[in-house]
Each structure stands twice: as C-alpha cells, then as structure tokens.
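Welcome! Here is a short guided tour for anyone meeting this structure for the first time. Take a look at the sequence and the model, then follow the points below.

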Amino acid sequence: MELPWAEPYKIKMTEEIFTSSREEREKWIEEAGFNLFNLSSDKVYIDLLTDSGTGSMSDKQWAEMMLGDESYAGSQSYLKLQKVIQDTLGFPYFLPTHQGRAAENILFSALLKEGMVVPGNSHFDTTKGHIEFRKAHAIDCTIEEAFDIDDLHPFKGNIDLNKLEEVYKTHSKEQIPLCLITVTCNSSGGQPVSMENIKAVKELSDQYGIPVFFDAARFAENAYFIKEREANYKDKSIKEIVKEMFSYGAGFTMSAKKDGLVNIGGLLAMRDEELFRTCGNFGIIYEGYITYGGLAGRDLGALAQGLMESTEYPYLQARIHQVEYLGKKLMEYGIPVQQPIGGHAVFVDALKFLPNVPRAEYPAQTLGIELYKEGGVRGVEIGTLLADRDPETREDRFPKLELLRLAIPRKVYSYKHMDYIAAALKNVYERRNEIRSGYEIVWEPEILRHFTVKLKKK
Ligand code: F0G
C-alpha cells in the first residue's frame, strides 16, 4: 500500500476555543450590528474570518523570537531577513513594514499620482483603497473564466492579455506607474497565476515600458499550484519556482501575515536602487527606520525563518490539501463553491446558495450570519459590502461574484474542524429556501465599509 502523505509537523501547544448555544449567538450577532468583525473571539468557535496573521508559528520561529536583536539600526535579525530576501526571493533591496498595506502605502506614495491607472488581476481591497484614495484607478484585467465558479481553468488568477494591452494602448506610459499581479489572487478565490501568464505579462509590459510588481501575500501557495499544474515545473523545487516567478518582477509588496507564516509583518522589495531610496524616505515617515520598518527585531527573525519554511513542498502540500478537503466536502453536499478550490480559502457562491435573498440585501453577508448562528463559524463576506460604493455615483456596485469566504488559518485547525464546518454549512443549505430576506445598512463609513458597517434585518 502506498503510504499517504501527512503533516510534516507535530503539535506542541494547544489553545482553548469556546463553544456557545444558538440562542447566545443570535443575541451576540444582533448586538454586533450583524457585522462578524464586531464579534469578540470568545464568541466564535471556528474562526475563518481570515488566514492573515492567524497561523501557528514553528518552534524554530519561536526560537527566533527569543534571539531577536532589538538594535534600532542594522540588527542581526534584519540581516537574517535580508539574506532570505536576496538569496531565496531574489531581490537586492527591501523595506520591512508592519503589514502588507503599509508596503502598498509606501510604494504608491512613491509612484502613484492622481488620474493614473494600475492594471492588475482583481486588486485586493486595501490595494484598491490605496489607489482610489490617491484619486487613481485600479483596472481589473482578470480572465473572464475567473467569474464563472464552475469553470475548471487551472489558473483563474491569470491576467487577460487583451484586456491588459487595451489599458496599455489607451493610456500613456506616464499614466501607468506599474502593473500589479496578485499571487494567488485573493479576490477571485485564492486562484493562482501561471508562470506562463506571468512571463507573458512581463513581455507585454516590457513592450510598453511598464514595470511589473507582485502583490505577493500568498506567493508560496501560488508556486505550489505552478508545480502541481504546469507540466514544465513538476520537477522543480518550490524555491526554484519562487525565484523564477519573482525574476519577472521589478518588486513586490507582501503581507507577511500569510505565506511569511508570522502574526504581523510586511515587506516591500525592489530591484531599483533609486526607487529603494525614495521608498526608504516614505518608510521612515510612515513605518520606522529602514532596517526595522514598524516591526520588532524578533518579528524580523521569525519572518526570515517563516519564509524558509513556507517555501518547502511538504508544508504546502499539507496546507493546500486541508483547504481542498473542506471544499470537496462542501461539493459532496451540493454546496456551490468556486472551483477549482483555491489555496487559502473556500469561496461559497452566495447568489446560488441563497437565490431568494435579493442582491440589494447582501446575500453573502446573510449567508455568513446564518453560518455563524448555526455553528459559531465565522467567515467573511467577499461581495457587495466589501466592494464599497462607486466613489462618484455613491451607488452600491455589485461585483460579478457574491461570495462567502471561509479562510483557513495555517497549521491551526484539524480535519475534524473541517468536518464540523462542512456540517454546519450543510444544515444552512438544507433550509436555504426558507431564507428569503437579508439586511439593510444602518450606518457605514465612506470607504472600506465592510469592517465597521452596521446592519439591521430587512
Ligand atoms: N494583498 C492581499 C492579496 C491580501 O490578501 C491582503 C490582506 C493584503 C494585500 C493586505 O495585507 O492585511 O497585511 O495589510 N488580506 C487579508 C485577508 C486581510 O483577510 O485576506 P495586510
């Protein structure tokens, strides 16, 4: 019998999580203004709000926390991180930041002006926020297959080269400071971008003189999918694939809270020395001196170690198989999910799941609330609330997909937890036809409303 794969680690420490009754949860979610972000963690049994900063660190990462050198400038922990970024990721210059959006803030402060455009594949919400805050525009060039949840395209994060060229042809070089490839593409379902597509985007962008940057939050998971799904790469190591992927970029922003395997941290890396100097000045104003950037020395050490561990195949195999296990279980129950299953999360199609809830009453949010009430499982809406209003018309803008994301923290939950989540969602699915109304907004901020919006039952 062929031996199955199993996790390449054992567990040294556990953390209590809290069960509750349906009655308690119904009361708590109402008090929270029907916003799952407003629930304190003791009111949640299984927390799938995000895979960001919620993972477990390894013993070697915890050892780095103890070894952390807290020197203001040029700490040993910084030098460890520098070595990983230069040798493993392949960029000569970098700035640590306190998280991914801080790296975006620095890069866009250096490069982006009012009226410019940034093409890419379904920009993440903070990225779009930073772009629109500067009165510039994020243009989504994702392939159309990404918006059909049943399409089995292996790389639904890919950029449509025709859409991208259209942007390049209709704007001057000065209007396009960069093209941004998000790996994996969170907003379209944790879907990967192929090496072939990355190369093609780089070639096309070179013709028009536009630099390519990565939003590299889940770069290692993307490399895993390239190894699994792109024939030329099946014999390459994850580290080789990562190095090649990044070789096509002028730089990256990274939320290290995902594939950096740390609870806090971000990175901005680049090849160009002059850009590094400009960004360094913004970094000092916003984050801290260039060798710590808003992080403690111990955080830098843990991140250096995390990047080495997340780029190992057995870790990624265990990680991605667990997410896939949950996705397949939901599919067995007939629940409509984005396919193929993405790297960090299962995305449930709320429009198909709750066809009786009007679009204007936020079906994905409604589904998230139902799942919480059913089993104390907290997911997150990736739909109309997240998409914010159109900055000019102030109307709701309805994205092509209305999803509930169940993001799986790294190395945190067991396969039994996955069974529990699937059973809770199945119970909601069985009574889906009785769910006929959603929610309306009582209060919302101007942008990034999903974090703080308050709702009431329709
Ligand atoms: N880019 C991507 C693709 C992301 O998924 C995130 C964060 C960021 C940038 C911003 O990074 O949070 O460190 O400032 N995503 C989290 C999520 C919040 O839940 O998907 P950050």
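Let us start with one pair of residues: Val 346 stands opposite Leu 406 in S12. Please keep in mind that this is a predicted model. From that pair we move to the sheet around it, then to the ligand, and then to a few other places along the chain.

**The open sheet and its helices**

- Val 346 belongs to the setting of S9, and S9 pairs with strand S12 (residues 403-407) in the antiparallel sense over 5 bridges.
- Helix H12 (residues 313-332) packs on the sheet and touches both S9 and S12. The direction of H12 makes about 25 degrees with that of S9.
- The sheet is an open one of 3 strands, in the order S9-S12-S11, and its pairing is antiparallel.
- Strand S9 (345-349) and strand S11 (380-382) are the edge strands, since each of them pairs on one side only.
- From one strand to the next, the twist averages 35 degrees.
- Another helix, H14 (residues 363-375), lies across S9, S11 and S12 and runs at about 45 degrees to S12.
- As general background, strands of a sheet pair through backbone hydrogen bonds, in either a parallel or an antiparallel way.

**Around the ligand**

- The ligand is surrounded by 16 residues, and the closest are Thr 50, Arg 101, Asp 215, Ser 255 and Lys 258.
- Helix H4 (residues 100-111) gives the largest share of this shell, with 3 residues.
- The backbone takes part at Gly 100, where an N or O atom lies 2.8 Å from an oxygen atom of the ligand.
- Two arginines bring in side chains: a polar side-chain atom of Arg 218 lies 2.9 Å from a ligand oxygen atom, and one of Arg 405 lies 2.7 Å from a ligand oxygen atom.
- On its own the ligand has 470 Å² of accessible area, and the protein covers 94% of it.

**Enclosed elements: S2 and H5**

- Strand S2 (residues 93-97) is largely enclosed by the rest of the structure, because 4 of its 5 residues are buried.
- S2 pairs with strand S8 (residues 266-270) in the antiparallel sense over 5 bridges, and Phe 94 stands opposite Ala 269 in S8.
- In helix H5 (residues 125-133), the buried residues are Asp 125, Thr 126, Thr 127, Gly 129, His 130 and Ile 131.
- The cover over these buried residues of H5 includes H4, strand S3 (117-120), strand S4 (137-140), strand S5 (179-182), strand S6 (212-215) and helix H15 (384-387).
- Just after H5, Lys 135 takes a positive phi of about 55 degrees.

**Two residues to look up: Asp 87 and Arg 431**

- Asp 87 has its place in helix H3 (residues 76-89), and its relative accessibility of 40% makes it count as partly exposed.
- The side chains of Asp 87 and Lys 83 are joined by a polar contact of 2.6 Å.
- Asp 87 and Ala 364 are 277 residues apart along the chain, and 42 Å separates their C-alpha atoms.
- Arg 431 lies in the loop between helix H16 (415-430) and strand S13 (439-443).
- Is Arg 431 buried or exposed? Arg 431 counts as buried, because its relative accessibility is 19% and the cut-off for buried is under 20%.
- Leaving aside neighbours within four places in sequence, Arg 431 is in contact with Arg 22, Glu 370 and Glu 374.

Note on methods. Residues numbered from 1 in each chain as written. Predicted model: local features only at pLDDT ≥ 70, side-chain atom pairs only at ≥ 80, totals over all residues. Heavy atoms only, no water. Buried < 20%, exposed > 50% of the residue type's maximum accessible area, 1.4 Å probe, protein only. Contact = heavy atoms within 4.5 Å. Pairing = 2+ DSSP bridges. Axes fitted to C-alpha atoms, helices over the stretch in contact; angles between N-to-C directions. Near = heavy atom within 4 Å. Polar contact = N/O pair within 3.5 Å; in protein donor to acceptor, adjacent residues only side chain to side chain. Areas by Shrake-Rupley, 256 points an atom, 1.4 Å probe, with all protein chains shown as cover.
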